[in-house]
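Student: Could you teach me how to read a protein model? I would like to start with the ligand and then look inside.

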Amino acid sequence: MAGNPNKPCNTETTKEEKGKDSNKKKEEEKEMAPTSSSAMHRSSSRPQLDVSGAAIQGNFEERNPTILLPNQSDDISHLALDIGGSLIKLVYFSRREEQSSHDKRKRSSKQRFWISNGNRRSYPILGGRLHFVKFETGKLNECVDFISSKQLHRGGIDSPSWRSGSQTDQNIVIKATGGGAYKFADVFRERLGVSLEKEDEMDCLVAGANFLLKAIRHEAFTHMEGQKEFVQIDHNDLFPYLLVNIGSGVSMIKVDGDGKFQRVSGTNVGGGTYWGLGRLLTKCKSFDELLELSQRGDNSNIDMLVGDIYGGLDYSKIGLSASTIASSFGKTISETKELSDYRPEDISLSLLRMISYNIGQISYLNALRYGLKRIFFGGFFIRGHAYTMDTISFAVHFWSKGQAQAMFLRHEGFLGAIGAFMSYEKHGLDDLMAHQFVERFPMGAPYVGGKIHGPPLGDLNEKISWMEKFIQKGTEITAPVPMAPPGTTGVGGFERPSSKGDTLRSDASAELNIGVLHLVPSLEVFPLLADPKTYEPNTIDLSDHGELEYWFTVLSEHLPDLVDKAVASEGGTDDAKRRGDAFARAFSAHLARLMEEPAAYGKLGLANLLELREECLREFNFTDAYITIKQRENEASLAVLPDLLMELDSMNEERRLLTLIEGVLAANIFDWGSRACVDLYHKGTIIEIYRMSRKKMQRPWRTDDFDLFKKRMLGSGDQNVQPYKRALLFVDNSGADIVLGMLPLARELLRRGTEVVLVANYLPALNDVTANELPEIVAEAAKHCDILRKAAEAGGLLVDAMINIQDRQKESSDSVPLMVAENGCGSPCIDFRQVSSELAAATKDADLVILEGMGRALHTNYNARFKCDALKLAMVKNQRLAEKLVNGNIYDCVCRFEPAQEL
Ligand SMILES: CC(C)(COP(=O)(O)O)[C@@H](O)C(=O)NCCC(=O)O
Ligand SMILES: [Mn+2]
């Protein structure tokens, strides 16, 4: 919303004044509203969530069970709108998780043990997803059709009230902001029978920005000369800042806190100006077309530069280079030329620079006026466009002499809509934290949301046929637009950005930068992290282009094998083949997109890529691609476990501890995600490979802290040591890895009086063992081992044990328990900023963490520090990683012991 052009644009409007204004407006509306529209709600009649008598419906073991609210009578809307001059922005919430066959399998397992969370809430009451969609305001009907087709105004197709038909549309109130909330209220009433409850635009913008800056980890970034860098915002040091929202017009708001702000300025030269003038001057048919034209433009043909005035020289005395724009459109004063003599590309770029530069400059002056160091720019004018951001950044940097910094927001265009959504008090979103959001990039959002609107694809078949049909289009989307030769001058004399980040894709680009936000309120920061603020899970920095290229190649080359396994896991049917093909295309498209713009989905690390691959598989309904392999390897390993245990029991404790650690490292070779290992499997049986791997376990290992660990475990000389109280073992692969490696180590800890929690994945990833599979494996192993059996019984793992209950209670009461906890992840790596509340609860009294495998101990967490002792064990199954990380070779081993970090 721009300032009134008839008023100076720096007219201040305080929030209090605004409040008075909007109350007055509301009163006027009330008087004017016909009685039939008495449903036009005021805050007093705002629907509230009544959680009295709330009960979990169905199985308590479900991750996101339905919460039954027997006393809830108000209509609950899951939709909010920001109806601007050019675009309608829609934020909607879908409550229900799709039920995967994995979940179904999980529910059928009776043996699963859950650690009690005490008073913690272990179920996500508001678990669900936040979706972001936009429409052109001129196509309001399409927006209404979209809402209607998804029944969003009634809480979504899946809402119980919609299915039972218990909800009447007359009572439905939808929060809306922006001018269109007034202008189009009748359309919504007539077409959907709903009332729009207007929320103040500035209130919403600020609420949306504050929410995003606090809740989304990689929301804010800087963009200078083509380089995008994410900025970690400290929640306690966020205010004050200047929020500049560039829509059709521009608002500049000084934000001092939640709900505390002042609109200090604005300018009527904004996105509408660019689009309006651009349309007249270039005959472009859409904003995006105009923006795309600018990519190929050279503004020096239109703008008068300092060099044009000074005969090619800089005006260095006052710090102006020859390429600085002295006068936007200054060259077009030439009387000999007509509009048709100028290239539309050059006009577009010149216009874009004029407007962006102007906004950057006015913003800085306002920041200066109020002593604000940080300026956040939002609004759909920006559209993730590199030139626009660079120009604004340059202006801020130039005029502030580097003292102020322009920052941009990934959800730039949705601030108002998010704010309107948050104004439903019942959602209680304002309390949510970064660790409770997981952003995902489903095929349905980035690739189909390509047009100005795009309902995420509904069912699997739609997704597959979209991939088949539009693969050509997908390639176009991800391919860079050819650039004009560089060398044109820009504002203030910086050359046009030459990084790949400045390529403009189709109009899908805006959607490509944001995904669907999964709200999982049960996620927590791992309580044993020494310093969560500085914790960075990824070891490999993919902003290094060489690294990026290497890992992209590795993942691309692994694809055919992965597809084979995935298709086989689903019986090799034609349907599975079709899905496999679609998966490969989808994942390749994501890779290509990220290769072109690594920061497109937020800060990119190797763990994100490995997780994206798993997410893509799940999206095409491959719930457990390695299931057959996992089962086969478990069986083979369980068959030799009794012999191994006997061998171990014949050793003295020192020899045994060493053999156990060797065993873990040797068995970590069974990794179906490593190309080198997969090649090995074609040459031998599981047992042969295991034996070979054990034989090669010569100390010293590449990183070898075994002696330190041994000292802590066994003491030295006469010195006795206290056993660890509770150890969390982050286990990795199925088969030999868990059965012959980690379980025997767990047994040793149990034998020494340490409680053991086996922490495993919530969802399958490659051949990793899942928490759901562990009780069965432990039960099998326990058949051959009393220590494991008693501990598993004490831990409640052996519900179906053969012994009678009384005996079990007697025996288990004096045993330390062996338990299982799920980690909340479905990836080969682990991000300790987001773990399940079950795992967080299990950290109580834990004084040892053991991380096993490349994914959890090397790719992520290699540099992580914990409040308790930590042992990191892995075999490095990749030559390049071995060289980079430990200056060694493939199959080298890492045994890193780190005593508790002093705080
Ligand atoms: C995916 C993995 C992290 C799994 O390793 P794990 O955690 O099972 O030890 C690893 O196999 C990997 O980094 N693979 C890609 C590198 C390669 O194929 O050489
Ligand atoms: Mn693994």
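Tutor: We will go through the ligand shell, one helix and the core. This is a predicted model, where local features need pLDDT of at least 70, side-chain atom pairs count only at pLDDT 80 or more, and totals for chains, interfaces and linings use all residues. Residues are numbered from 1 along each chain as its sequence is written, while chains are lettered from A and ligands numbered from 1 in the order in which they are written.

Student: Which residues are closest to ligand 1?

Tutor: A residue is near a molecule if its C-beta atom, placed from the backbone, lies within 6 Å of it. Here 19 residues surround ligand 1, and the closest are Gly673, Gly853, Met854, Gly855 and Asn878. Helices α22 (675-681) and α30 (854-859) each give two or more residues to this shell, and α30 gives the most, with 3.

Student: Is helix α13 buried or exposed?

Tutor: Call a residue buried if 20 or more other C-beta atoms lie within 10 Å of its own. In α13 (residues 415-422), 8 of 8 residues are buried, including Phe421 and Met422.

Student: Which residues have the most contacts inside the largest nonpolar core?

Tutor: In soluble globular proteins, nonpolar side chains tend to be buried together. A nonpolar core is a set of buried Ala, Val, Leu, Ile, Met, Phe, Trp, Tyr and Cys residues joined through C-beta atoms within 7 Å. The largest one has 233 residues, and Ile375 and Leu729 have the most contacts inside it. Helix α11 (residues 344-369) gives the most to this core, with 11 residues.

Key: Helix = DSSP H or I, 4+ residues; strand = E, 2+ residues; numbered from the N terminus. Buried ≥ 20, exposed ≤ 12 C-beta atoms within 10 Å, placed from the backbone.
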